[in-house]
Structures are given as C-alpha cells and as structure tokens.
Amino acid sequence: MVKLSPSILSANFANLKEDIEKVEKAGVDMLHIDVMDGQFVPNISIGPVVLKSVSKITNLVLDVHLMIEEPDRYIKEFVDAGAHIITVHMEACTHIHRTIQLIKSYGVKAGVSLNPGTPLNELEYILDHVDMVLLMSVNPGFGGQKFIPIVKDKIIKLKKMIGDKGLNIDIEVDGGIKVDNVKEVVEAGANVIVAGSAIFGAHNIEEAVMDFRKNI
Ligand code: DX5
Ligand code: ZN
C-alpha cells in the first residue's frame, strides 16, 4: 500500500490544528515534519516544540525529516517530542552508521535521505540498517519547487538495489510531487509520498488528498 505523508511546511501555522484534522479525516497515513536549521539548508522551519504540540492533537505517524547539521545532538529531543520515524541526511552525517544506531536505540524507525545530487552507492553499507530511504526530488529547503525528473531513474535503481539485497525498506520521495506526477513516482517504486504545497496549499485540502489517492 502506498502511504501519503503531507508536509506541514505548507500548512497554515496559525491554523495548524485545523489543517492537520483535515488531512487526518481525509485518510492520509502520516504527517511529514520538515525540520530546517538555516545551516544544512538555507531556511529555518520548526523544531521539537512544535512537534510536541502536534503529537498531542493527532494519531498520524509522525515522519520527521531532519534537514539539520549534527543531527545526533537533537535526536532524543525529537523522540521525546513524539517522532515515530526520524530521517537524517547522509550529507549531514559524518558517522551515518552511528547516527542510525542512535535513532534505533530509542525504539523509533530510522531513515536516511539523499539530496538529488548524492549517488545511490553511498547507501551500500547502510541499507541493511535503515527502515526507510528518503530520496529528495528537489534540493531541500523550500516547499513548492519543481520535481527533478532524473530522480525517477534513481527510484527505479534504488528499488532494484533493495530487491537484490532481499530487504524490506520503504522508499519515500519528497519534493515537487503533485496530483499529475504522483503516478509516475509510484510506478518507479516509491511507496511513501510526501506532498506539501499540493495538499496544504490546495484550495480544498480534503479534495486534494482524495485526488492523490485516486492516482496512487
Ligand atoms: C523540502 C521539504 C519538503 C517540502 C515538500 O525541503 O523537505 O518536504 O515541504 O514540499 P512540496 O511538496 O511543495 O515540494
Ligand atoms: Zn521533507
């Protein structure tokens, strides 16, 4: 089953509860929480304080995407704030193996993310240890950017890599996914779809979720 994980980055932060209730009612599976530190990416978003409040008002799986330098320093805080899945960027980790073990030591799922320009072979010695790989289909930092087409090829190759190793790992794709290109992304092999502006930026959030569902 393909899971939908709307990114609250494009939600109305003055009305976050209402926006989250809408996607939850419309039947999404997860909530994607984009954490940006102004260092790893050129933007600042939200942190554990907001996550903690969000975790109190929803039963959705909280899918935390850390776009931050030195993630090890904050992992426990995000676990305590209610994260169910924590994904770190390969490019931000000097000791990715250690970081993944640290996340798992708290009993939450661990994901690793690759920027569009980072090759898949970086995953070779870590794939066995992660629950999810998050492929960025835009350069991280902002919602509302355009999907980078070559990432489709990357999804296909990653799916094969995972299959060849006989592993069962989620493939999440994040950035520029809309109702009209989601099908191609799923056909390439993604099973967790992030969508920010296309869902929370839509005129009618519930309708946008239903349109996504129809196409996946
Ligand atoms: C980008 C974030 C994405 C972003 C997706 O840095 O990681 O999750 O919010 O937004 P859209 O779907 O608008 O590209
Ligand atoms: Zn994200």
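**Note on the predicted model**

1. A salt bridge joins the side chains of K165 and D128, at 3.6 Å from N to O; the term stands for a side-chain nitrogen of Lys or Arg within 4 Å of a carboxyl oxygen of Asp or Glu. The pair ties together distant parts of the chain, 37 residues apart: K165 is in the loop between α5 (151–164) and β7, and D128 is in the loop between β5 (109–114) and β6 (132–136). Helices (H or I, at least four residues) and strands (E, at least two) are DSSP runs, numbered from the N terminus. K165 counts as partly exposed, because its relative accessibility is 38%. D128 is also partly exposed, at 49%. The scale used is: buried under 20% relative accessible area, exposed over 50%, partly exposed in between (1.4 Å probe, protein chains only).

2. On conventions: this is a predicted model, in which local features need pLDDT of at least 70 and side-chain atom pairs count only at pLDDT 80 or more, while totals for chains, interfaces and linings use all residues. Residues are numbered from 1 along each chain as its sequence is written, chains are lettered from A and ligands numbered from 1 in the order in which they are written, and side-chain values use heavy atoms, with hydrogens and water left out.

3. How many salt bridges does a search of the whole structure find? The search gives 10. One of them pairs K3 with D170, at 3.7 Å from N to O. K3 belongs to strand β1 (residues 3–6) and D170 to strand β7 (residues 170–174), so named as DSSP runs, and the pair links distant parts of the chain, 167 residues apart. K3 is partly exposed at 26% relative accessibility, whereas D170, at 17%, is buried.

4. A salt bridge within one helix is that of E21 and K17, with the closest N and O atoms 3.5 Å apart. Both residues are in helix α1 (residues 16–25), four residues apart, about one turn of the helix. E21 is partly exposed at 35%, and K17 is partly exposed at 47%.

5. Which residues hold the zinc ion (ligand 2)? Its protein donors are H32 (NE2), D34 (OD), H65 (ND1) and D174 (OD), at 2.0 to 2.2 Å. Donors are N, O and S atoms within 2.8 Å of the metal (3.2 Å for Na, K and Ca); water is not among the atoms, so sites may look incomplete. Along the chain the donors follow the spacing H-x1-D-x30-H-x108-D. H32 and D34 are buried.

6. The zinc site is octahedral, with angles of 69 to 168 degrees among six donor atoms. By the rule applied, four donors count as tetrahedral if all angles lie between 85 and 135 degrees; four count as square planar and six as octahedral if opposite donors are over 155 degrees apart and all others between 65 and 115; anything else is irregular.

7. Strand β3 (residues 61–67) is largely enclosed by the rest of the structure, because six of its seven residues are buried. Strand β2 (residues 30–36) runs parallel to β3, joined by seven bridges; strands pair if DSSP finds at least two bridges between them. M30 has V61 of β3 as its bridge partner. β3 also pairs in the parallel sense with strand β4 (residues 85–89), over four bridges, and L66 stands opposite V88 in β4.

8. β2, helix α2 (residues 48–57) and β3 form a right-handed β-α-β unit. A crossover is right-handed if, with the strands pointing away from the viewer, the path from the first strand over the helix to the second runs clockwise. β3, helix α3 (residues 75–80) and β4 form a right-handed unit as well.

9. Strand β6 is mostly covered, with five of its five residues buried. M132, L134 and M136 point one way, V133 and L135 the other. In a regular strand the side chains alternate between the two faces of the sheet. β6 pairs in the parallel sense with β5 over four bridges, and with β7 over five. L135 has V173 in β7 as its bridge partner. The chain passes from β6 through α5 to β7 in a right-handed β-α-β crossover.

10. I103, in helix α4 (residues 96–105), is buried, with a relative accessible area of 0%. Leaving out residues up to four places away in sequence, I103 touches I75, I86, V88, V108, K109 and A110, where contact means heavy atoms within 4.5 Å.
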